[in-house]
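Below is a short briefing on two helices from one chain. Please read it alongside the sequence and the coordinates.

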Amino acid sequence: MKTWFSLLFAALFIAYVPPARALATSVSPAEWSLYKAHFLDRGGRIIDNGNGGISHTEGQGYGLLLSYLAGNRADFELIWSFTSAEMLLRNDGLAVWKWDPASKPHVTDVNNATDGDLLIAYALALAGTTWNRPDYIAAATRMATAVLKDAVVVYGGRTLLMPASTGFSAKDRADGPVINPSYWIFEAFPVMNVLAPSEKWQNLTDSGLDLLQSLQFGPARLPAEWVSLKRSPQPAAGFAPEFSYNAIRIPLYLARAGLGDAAFLRHLMGAMAPVDRPMATVNLITGQPLDPLVDNGYRIVTSLLDCVVNGTQVPAELQSFRPELYYPSTLQLLALSFLREEHPACL
Amino acid sequence: MSLKPAHRYWPVVFVSLCVLGAGTSYAASSSQGGDTEPSLVPVERQGRLRLAKEAMGVTTGPRLAQVPEAPAAAPQSAPAPAGRVQRDPPPTATPAPAQASVPPSQPTTNAAAPEPDLSALRYFASRGDTARLKVEIARLRSLYPDWSPPDDPLAIPRNGDPQLEAMWKLYAEGRYPEIRQAIAERQAADPNWTPPADLLNRLAMAEARSRLVNASNLKQYATVISLGASNPNLLNCSDVDVLWRIAEAFVRTDRPQRGVDAYSYILRQCENPQERVATIQKAAELLPATDLRALLSLEKPLADGQPEFAALRDDLARRFIADANKNNRMDVAPEDVQRLEAVAERDKLASDSLQLGWLFQRRGDLVNAEKWFRASRDKEPSASASQGLALVLIARGLPMEAEDIMYQWRDTSDDSKATYLAAAANLLALNPAPVLAEPVLRRIAVEVIAAKYVPAAQQLGWYAQTLRQPQTAMQWFETALQWKPDDEPSAYGLLIVRQSLNDRAGVLAIQKEWAGRSQRIADAGEKSPPQTPPLAVQTPRQEATKPAPLSFTAPDRGAPVAAPQRMTATTTARTATARRSACASRTGTASQRVEDTTLTNGWCLMDLNRPLEAVQAFEAALKSPSAAIREDAAYGQSLAYLRLGLTDNAAVAATKAPQRPARAAELQVSILGNRALSAFQAGRYREALVYLDQRAALKTETTDLMVLRAYAYQELGISAGARQIFEVLAETGNKDALRGVEEIRSMMNDRGG
């Protein structure tokens, strides 16, 4: 058992975890304290204050990842203990996706959300490796195996990440399979492959990159949040055909994983923040802007692309962390952490 | 200014808890160390139950928990950090509650007596938490046999560690994630500090318990079992709720025996009287009677010598019998019947009497069934008790009271309506024909017409014919034929009436229409028809001008059949004699027993296709002391009822005497086929399919029943199933099937546009 773990640590260290990230301080204690004060309940759940104060596996995964990046083992323990006892309950080893403080029981839907599962497993793998915690690695391995078994499918020759184990497949929906391209957490796939080796992880990376290139809907040429792959990719039925809050993190995930060629990243940057209007969510049919995206956490995404592609400095105001809403605040810390590790010159 | 991303979309599919909660199954894993299996039998020490973590030993016996075969699941479930806690034995050993092993905090060699950690004890004492204090003292005594609890736990010197105190406080409040946080914070501040092993062990257990309870509430039974398997310390008498949840998880994942093992473990080992009683109650919700009886055998006397489950027994007997009735099972223990009878005598609950009534009715014990149905009705009239009583009365040959009783309940359910109509048909079929008051006849006619109930319409026809009202009889037979054009007995009835009216053209018309379909219709006229009343020809012609059948409902015209003033005992008796003479004259000698004669007569009447009279003949034969004759009579009567379309009566008749297996099966096959047909005709397609399935289990489905099945599928919207059957049959050239295929095809086309 012990030998196995040592080998695994070695593999994770050597192959996939950059030493800088392993040192785990790319989120400052001050930033983490602020984040925590706003979004971490004392019992260990991350509160999505933009969605009625509910918690979900995405939030728990982000909380684990950020506390790891801040080097805060105690808070990592807190969040993980809650996540495990309250959400990691499904027979298949995946987590129930939503926990609502206002409902009794707190969990009313046993479906999972695959990006949440991936984030949790990913954060556990990183923390387990850095902090020498075989129990984290073991839990991460179980989740990686379950994601592979339940949520990774091959359809029409393409390897897909299903958004959940139920409800999105070709069997479940007339326009299925339906995917959410922002659930492709590219940086996690190589780590998952160490935990639960399978060629499907690399295939997911390849298919994800390939898909993203093709998801350029309407005049704005931007990806939709939910995409039907029954035939050629289309915005899925029953969802607003928009580039919106889900998809905004796609370039962040690409950059953090070191993926996407300069031309494609440049295209995304131009499409998300055209010179003639402020950044906004977009109606993909008309190309018209909807909600303006003014939070630092949204604007830093295009600024980060600008840095990666052009070496442009990130404005100081986007570097200052003044959390209000859970989601953009999370994106901002992930972006800052990445810039500090990979592009300190832009700061 | 920031916009709330409140309308980010979350996975929108709500997965039903029930759907995901069920259906996961696991193969049994082989335990380490060959065929040894952990036992559910714990070892007791110092007269108290041991915690499971110290009660783990390898003996043989049933396993409670097992490791799922899914590779992602149990084996690595290790919530406690390795390196800081002594690990439990490898989970692959399939730990069970009573598997003996060494507790993590108990020294294996007893050289120097170890010091118990009293911090939790002190903490609970300081909070005045006596319940937890008691549990903790018990726990420590089982861990440290030589230790005696202090008289005043509050006098234990403070351990001088306020941070640890704070952690115990969190523990007492169930805030486990925060203990994890506090431990890590302290270790970060003081790398030399090590948390007490006792705290870590208890924390890991508490976390696993909370996860297990959450998973159990969400019906994630595989997770429940996996957690139980990897945390054997959880499975002990100090936390019976966890054992209940494990038991439930096994039962609900199709491993009832494991569930029984878990409940048995509690009843063998755990002492809390309320929990023991609750264990039986919980098991009763999940397990069948046989399993429950095994658990009840583990009953112990209470301090006052009373059996501890005494108060439950009445309820259980009630439940067993109600379950048996509901599922049409016969395996009811005699002691449960006696118990419920005693309870029913004592408490006089209509519901208890009703269950007893149905039990006896299903057993064919008409005397007791009648007694209890009547008791139930006396206490509280109900549709069910009335229906039960009506069925008994019909079976006893007393349909007049049955009709009277069921009339007011006829509209309460489909079953009630069917029972009422059966009572009416049986009443009309009585031989000799009964004297019926006009209102009774009228209400029967109204109900028969409203329900378009062919068998009773036919009986009304025979009844009228018996009373020498051929015009009325003709109208009823014609009505029956309108409702069911291929009803041969009605056609035959009509033919007999026309013969009696010397309507040769009418007779020929029927014979022509039924050519090749009914031998007796074809043969009619070659010999004197036995049903023709001798005086029929004298029926006045003017009756032919009387109104059509549906006018029966019109009150001002009076009942068509009735004319009670013309009906006398003499005429009915004479008619009856006339009807029967054809057979009776051919059979029997003075030396034969009466019952033998009536049996032969019954078969004779069956040959003449006079099943109504055959029913009576067989009924008389059923009184024979000879088992062989009774068997034949019951068989014959059941066949007669089947021919009359009175399926329920056929079923009852079949139970009047034990049948040899081949006959019982034959009757069962016929009864199920008829029931399927009736259910289908009544629009109860699902029920029809159930009967068809039951029949198919006994005998290969005939082509006509396959067609019926296909139509039932189609009515239920299961077009694929219907189509499959039609297509198979269509290949054999079956016309109904060809038509079915065509209908489905055109339906599909319509839908497809």
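The points that follow cover span, burial and packing for each helix in turn. The model is predicted. Both helices, H22 and H13, belong to chain B.

**Helix H22(B)**

- H22 of chain B runs over residues 488–500, which is 13 residues.
- From first C-alpha to last, H22(B) reaches 18 Å, close to the 18 Å expected at 1.5 Å a residue.
- The helix is mostly covered, with 12 of its 13 residues buried.
- Among the buried residues of H22(B) are B:Tyr492, B:Leu494, B:Leu495, B:Ile496 and B:Val497, and also B:Arg498 and B:Gln499.
- Its buried residues pack against four helices of chain B: H20 (454–466), H21 (470–483), H23 (504–513) and H24 (519–523).
- B:Asn502, just after H22(B), has a positive phi of about 55°.

**Helix H13(B)**

- H13 of chain B spans residues 334–347, has 14 residues and reaches 20 Å between its first and last C-alpha, close to the 20 Å expected at 1.5 Å a residue.
- Buried residues in H13(B) are B:Asp336, B:Leu340 and B:Ala344.
- Viewed down the axis of H13(B), the buried residues fall within an arc of 70°, so they line one face of the helix.
- An α-helix has 3.6 residues a turn, so residues three or four places apart point the same way.
- On the other side of H13(B), the exposed residues are B:Pro334, B:Glu335, B:Gln338, B:Ala342, B:Glu345 and B:Arg346.
- The buried residues of H13(B) pack against H12 (310–326) and H14 (350–363) of chain B.
- Just after H13(B), B:Lys348 adopts a positive phi of about 55°.

Methods:
Residues numbered from 1 in each chain as written. Chains lettered and ligands numbered in written order. Predicted model: local features only at pLDDT ≥ 70, side-chain atom pairs only at ≥ 80, totals over all residues. Helix = DSSP H or I, 4+ residues; strand = E, 2+ residues; numbered from the N terminus. Expected span 1.5 Å × (residues − 1). Buried ≥ 20, exposed ≤ 12 C-beta atoms within 10 Å, placed from the backbone. Contact = placed C-beta atoms within 7 Å. Arc of directions from axis to C-beta.
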